[in-house]
Structures are given as C-alpha cells and as structure tokens.
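Let's take a walk through this protein together. Have the sequence and the 3D view open as you read.

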Amino acid sequence: MNAVSPLPKYLVGLFLALTACSPPTIEAVTRGKFHVVNSEIFDPAGRPFVAKGVNVNGINWVWPGDITKDLDYIVKDWRFNLIRVNCLIEGTHFTDNNDDERIVRAFTEAGIVVVFQVSGLAGEYYTDSSNPTLGQVAAFHRTLAEKYRNNPYVWFEIADGPGTCDLNPQWLDMNTTVVRAIRQDAGASNIIIANAMVWGTDDGCSDAALVPKEHSAILSYGPTLLQRMPPGIANLVFGFHVTSKWELGGIAKMGDFVDRARALGLALIVNAYGGAGAEEFDVIPAVTSMFAVVPERRIGRVAWHWYNASAPPLWPNALVVGNGQTGSALAFDLQNPTVPTNLTALGRLTWADTHRIDGL
C-alpha cells in the first residue's frame, strides 16, 4: 500500500490561515444567545421563546417607583418573562429607574428579558434636527450595547411609535442608523426590535380593510432593513402596538397582516397592547382579537402597563382597578393571588395569558 504523502507545509499554513479568517458559523454565533431564525425567536438553550411581558417605568420616565422592588410580583405572581423598559433621553421626570445596571442585574439574573426602549417622539422620526436627535438615540443604544453585549437577556428597541399613515423612508434611515450603532460600533449581537409606523400600530390606517403594503413600514421596509444586518447575526424583530386602531377588521385583518409579515421571513412581537390615551378607552375588542391571532403563531406580546398613573377616565386601561399607585399591577388582590378579584378586563385577559399552560 502506498503511503499518503503529507501536505506541503505551505499548504498547511494556507489552510490554517483561511480557516482562521473564515466567518463564524450561525451555530457558533447563536450558541448561548437569544436568536432569530426566519420568523421565530429562540432562547439561549435553543427553545422557541414566546414573550409574555409588561411595560415598566425606566430611565427618566413619567411615572415613579423603583421597578426592581416589584420583581417577585412581576415574575412569580404575574409570570411575565420580559419587561419593556420605557426610557426618555430628553427631560427628567423621575429618576427612580435611572440605574440601568440595577434593573439588568435584578431581572436578567431571574431569567427575565430586559428590553430598553426609547420614547418621546411618537408619530415622528428621529433626525439630525429632532429633539432628541437621531445621534443621541444612537448614542443611547450604543452605550447600553457596549455595556451589555455579553448579556443575551438585554435587548434594544430603537424607537417607540414612529411615523403616521404615510410611508416615509425616514423610518428606514432612522432604524439603519441605530442598528449600525449597536452592531458595528458596539459589536453587539443582542436582539434588536424595530417598531412599526402609524404611531407603532402599522394598522395601515385602513379601518376594517386589510393593511395596504404602502401604509406599513413592516411590510414595505422590513425585508430591506433585515438585509442590512450583518450576515448570520441579524437577530432583528419587528414590533407593533395593538390599540383600539386594530378594532376594525378584527381577527381577519390582524391575522392577514402577521401572516404576510411572517411570509417575508420577519419575526414579530406585539410590544404594547392596551393604551393610555383618551382614544384608547376601549381596547378590549382589539386585544381580544390579538389573543385569537398571535398565541397560535408563537408571537410574543407585552402588556401596557405595569404602572398607570393617568387620571380618570383613562385608568381602566391599567391591569388593576384603581388610580395612581393603585392602578399599578402591583396592587392586584394579594389575598387571592391565584385568581385576583380586582383586575380590569385587560388585566383578566393578561393574567389568563401568562398563566396558560400550553406554552403559547
């Protein structure tokens, strides 16, 4: 038998050099991290992840209260697995939650996803001349991304509720700028959420008719933004709000919308359902449609809001009957924690969702 000649040393060296320079495999990039594959989100163990979360007070937010003190109620009683931390860059209302490290440490150590989200210009776009500017928003996320790029339980949501009914390329420019700050400047592969237009609903301003593509940022610009992500580590999710704007059209309209987005390979999350404005007084029909559509598609959903200090008649959109501090979901009936007796209609829907046992 002829002996096999060893490879020349220069070929061995060339092979090793090429191997060292090869981009990491998708498996290597996603191992031990939350990651998106097509329209599905997977947790660090590789299991499908369905967010059941709640919006909470964050940096410079308009309502007070240290959210870390409510950890056990959020996790053990309500069984939320994600918090969407509402933050403001310009202006200081309350500083109770300005210690982002305290929030991240408390919740991620409990296995809860922490999403930092920028609010302040609903219905508009961050630009070089807005207040705050697009540069400030990018810097905000870049700073957090540099700090938490090794913690997969920290996610970043670019901007809350941008744009109106008209499709605007500023949506794509704004999101691309912040994505680059997180991915390229900070070197973070954490999940990023890009919020829909039409004040975040992406309902197309079409009343009961199906959502027209030309009035949806997700359907029109979503694939383009996805293509701009680094190869193998896109980890991009698209968020939309469910408010009373989704009432008309009901299940058929919302189901058609999410199916069209998923057919484009886009992962979705309802990053706020409920509402706190006067026009949102009756959100129950829209939220009921949402619960008929998203669970079976394993789409996550995040309730608005853990703390709702709006004055009557707005407070019924909180999860618990009451006003001010008693409008907080913390004030649920502690005497009957299995089946609280003082939940609002929204609270009852949310409680039933977080306590379902089918994993959806």
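What follows goes from the overall fold to a few strands, a pair of helices and two individual residues.

**The whole chain**

Please keep in mind that this is a predicted model. The protein's secondary structure consists of ten helices and ten strands. Of its 360 residues, 53% are buried. Among contacts with a sequence separation of 6 or more, 76% join residues that lie 24 or more positions apart.

At the level of the fold, eight strands close into a barrel, with parallel pairing, and their order is β3-β4-β5-β6-β7-β8-β9-β10. From one strand to the next, the twist averages 30°.

**Strands in the barrel**

A good place to begin is β3, which spans residues 52-57 and is mostly covered, with six of its six residues buried. Strand β3 pairs with β4 (residues 82-88) through five bridges, and the two run parallel. It also pairs with β10 (residues 300-304), again in the parallel sense, over three bridges. Between β3 and β4 you can look for helix α3, residues 71-77: β3, α3 and β4 together make a right-handed β-α-β unit.

Elsewhere in the barrel, β6 (residues 154-157) and β7 (residues 192-195) run parallel and are joined by two bridges. The table lists one bridge for each of these strand pairs, so to speak a handle for finding them on screen.

| Residue | Bridge partner |
|---|---|
| Lys52 | Arg301 in β10 |
| Asn55 | Arg84 in β4 |
| Glu157 | Ile193 in β7 |

**Two helices side by side**

How do α9 and α10 lie relative to each other? The axes of α9 (residues 284-293) and α10 (residues 345-354) come within 10 Å and cross at roughly 10°. Angles under 35 degrees count as roughly parallel, and α9 and α10 are therefore roughly parallel to each other.

On the α9 side of the contact are Ile284, Val287, Thr288 and Phe291, and they meet Ala345, Leu346, Leu349 and Asp353 of α10. Sorted by character, the residues of this contact are six nonpolar, one polar and one charged.

**Two buried residues**

Ile218 sits in helix α7, residues 217-227. Is Ile218 buried or exposed? Its relative accessible area is 0%, so Ile218 is buried. Leaving out residues up to four places away in sequence, Ile218 touches Ala196, Asp202, Pro223, Phe238, Gly239, Phe240, Phe257, Ala261, Leu266 and Leu268. Phe238, one of these, is 20 residues away along the chain, and the C-alpha atoms of Ile218 and Phe238 are separated by 7.0 Å.

His241 belongs to strand β8, residues 236-242. With a relative accessibility of 7%, His241 counts as buried because the cut-off for that label is under 20%. Which residues does His241 contact, apart from its neighbours within four places in sequence? They are Arg84, Asp160, Gly161, Asn195, Trp199, Gly200, Thr201, Trp246, Asn271 and Ala272. Arg84 will be familiar as the bridge partner of Asn55. Tyr273 is another residue to locate here: His241 and Tyr273 are 32 residues apart in sequence, while their C-alpha atoms are 5.7 Å apart in space.

**Pulling it together**

If you return to the full view, try tracing the eight strands of the parallel barrel in order, from β3 to β10. On the way you will pass β8, the strand that holds His241.

Definitions and conventions
Residues are numbered from 1 along each chain as its sequence is written. This is a predicted model: local features need pLDDT of at least 70, side-chain atom pairs count only at pLDDT 80 or more; totals for chains, interfaces and linings use all residues. Side-chain values use heavy atoms; hydrogens and water are left out. Axes are lines fitted to C-alpha atoms, for helices over the stretch in contact, and angles run from 0 to 180 degrees between N-to-C directions. Helices (H or I, at least four residues) and strands (E, at least two) are DSSP runs, numbered from the N terminus. Angles under 35 degrees count as roughly parallel, over 145 as roughly antiparallel, 65 to 115 as roughly perpendicular and the rest as oblique. Contact means heavy atoms within 4.5 Å. Ala, Val, Leu, Ile, Met, Phe, Trp, Tyr, Cys and Pro count as nonpolar, Asp, Glu, Lys and Arg as charged, and the others, Gly among them, as polar. Buried means under 20% relative accessible area, exposed over 50%, partly exposed in between (1.4 Å probe, protein chains only). Two strands pair if DSSP finds at least two bridges between them. A crossover is right-handed if, with the strands pointing away from the viewer, the path from the first strand over the helix to the second runs clockwise.
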